[in-house]
Amino acid sequence: MISIRPLLAVAVPVLAALAVLLLNKRAKLRDVVSPLAAIAMFAIVASMAPTVLAGGTVDLRLFEILPGIDFAFHVDALGMVFATVSSLLWIVAAIYSIGYMRHLNEHAQTRFFACFAASLAAAAGGAFAANLFTLVIFYEVLSLVTYPLVYHHEDEEGWTGSRKYLVYLMGASKSVLLAALALTYNIAGSLDFVPGGLLAGVNASAPLLTVVYFCYLFGFAKAAVMPMHAWLPAAMVAPTPVSALLHAVAVVKMGVFCVLRVVFHVFGVGLVGGLGLGIATAYVVSFTILMASIYALTRDDLKARLAYSTVSQLSYIVLGAVLLSPIAMVGGIIHIAAHAFSKITLFFCAGSIYCASGKRNISDMAGIGRRLPWTMGAFFVGSLSMIGVPPAAGFISKWYLARGSVEAGETPFLIVLLISSVLNAAYFLPVSYAAFFGTEAQESPATVREIPMLTIPLVATAILSVAMGIFPDYFVALAERVVR
């Protein structure tokens, strides 16, 4: 089906960003723009779901760049997973951001909301990209428009973190990723995504294809596969709504989404398996899963612990894809949504704690659950999902991943999943336990209380996390479309 709707899904947040800039001096009107645009964008994305679930696609070709390279959109099942998650979570993130920025009286709020909206436009463009060229354009745009969000505070820590953010992401894309694109075009004469793999059946040597594959794996540094992960904890200097954006809504999901595109539609499952790249990648990401979890255990700063948790959880998605078992691939794809709903909840909670009490370190949060019961209750729900406890969403994706590793005959990766879940419990549950059962510092009860503008969104995302665990059919159906 040819339709303008993919372009509209990108245009709505772009127009929202422009409207925010124009309404700079009218703060109340400016703040209304993002939630309304988020609802409109989600409605556009949702309108394409019936077509995709029925096995169809939505296409729009804009113009040709070079022979075999178009700037075009192609909405399929994999893109719908990413677009649904990012557009839905933008609604709650927009509301949360208004409460957070107002409560702390943050500076440069117009720039913040404009860049936030622009980042969602880049995410939608990447989700609906019809080829590697279009995908990489939006991938790069996302890096540029989120850079001001990372250095938002404009202090020394902010500049240091934002430099590392840009150096890692732009450095990887301007070197190994560019090389991968050039080699792919030279080998295949096209950059289009093809069911079964663009490079399947091409006349190229195994060593060359292996080099191209790993250039993509590490060139898409937003996937945070070690050692390309250090930018992510460094970016935690940004305001908490930005951290939620980085970890759940757009940035890191763009990274793993790009890797999945390469596995499914550039190389193809058959070629990845034939070259032995699946198992090799599985060991690389398994190392990332375990090491990042160990790093998380050592961090007292709550956002830093959540950051390393994200590094670990992202590699679950890649692991599911490269195990090449249909069940594991479904698990990897739906973990995009499961992780997004749960991790945004956890970051929202971290921001709520900071706004209410000024506390960042876990060691200072003893007893805070009695002051912030809704916030810490939602944190507990998000933690259970990350661990993989039913009925939360994380259980569904981990169940598919565990079954898939058995189906693939790869018991070592089943053990990795089990160990990592134990580590998840080790660094998440003590936070909730201390918050509800620890002895709090001497402090006036009136000084720490729930902030409704923050509490309502975080409770909503916690409910979404449980709802997906109980009703996973939509994301499972899309994932099964991808792996057929």
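Contact here means heavy atoms within 4.5 Å. The structure is a predicted model, in which local features need pLDDT of at least 70 and side-chain atom pairs count only at pLDDT 80 or more, while totals for chains, interfaces and linings use all residues. Residues are numbered from 1 along each chain as its sequence is written, and side-chain values use heavy atoms, with hydrogens and water left out.

Leaving aside neighbours within four places in sequence, G394 is in contact with A338, S385 and G388. G394 and T210 stand 184 residues apart in sequence, and their C-alpha atoms are 32 Å apart in space. H335, when residues up to four places away in sequence are not counted, touches Q313, Y316, I317, A340 and S397.

The table places three residues in their helices, which are DSSP runs of H or I with at least four residues, numbered from the N terminus. Buried means under 20% relative accessible area, exposed over 50%, and partly exposed in between (1.4 Å probe, protein chains only).

| Residue | Helix | Relative accessible area |
|---|---|---|
| V14 | helix 1 (residues 5–22) | 37%, partly exposed |
| H335 | helix 14 (residues 326–357) | 0%, buried |
| G394 | helix 16 (residues 393–407) | 0%, buried |

On the surface, V14 joins L15, L18 and L21 in a nonpolar patch that has about 360 Å² of accessible area together. Patches are made of residues with over 30% relative accessible area and no salt bridge, with nonpolar side chains (Val, Leu, Ile, Met, Phe, Trp, Tyr) joined within 5 Å and like charges within 9 Å; a salt bridge is a side-chain nitrogen of Lys or Arg within 4 Å of a carboxyl oxygen of Asp or Glu. Accessible areas come from the Shrake-Rupley method with a 1.4 Å probe, and for residues only the protein chains shown count as cover.

Notes
Helices (H or I, at least four residues) and strands (E, at least two) are DSSP runs, numbered from the N terminus.
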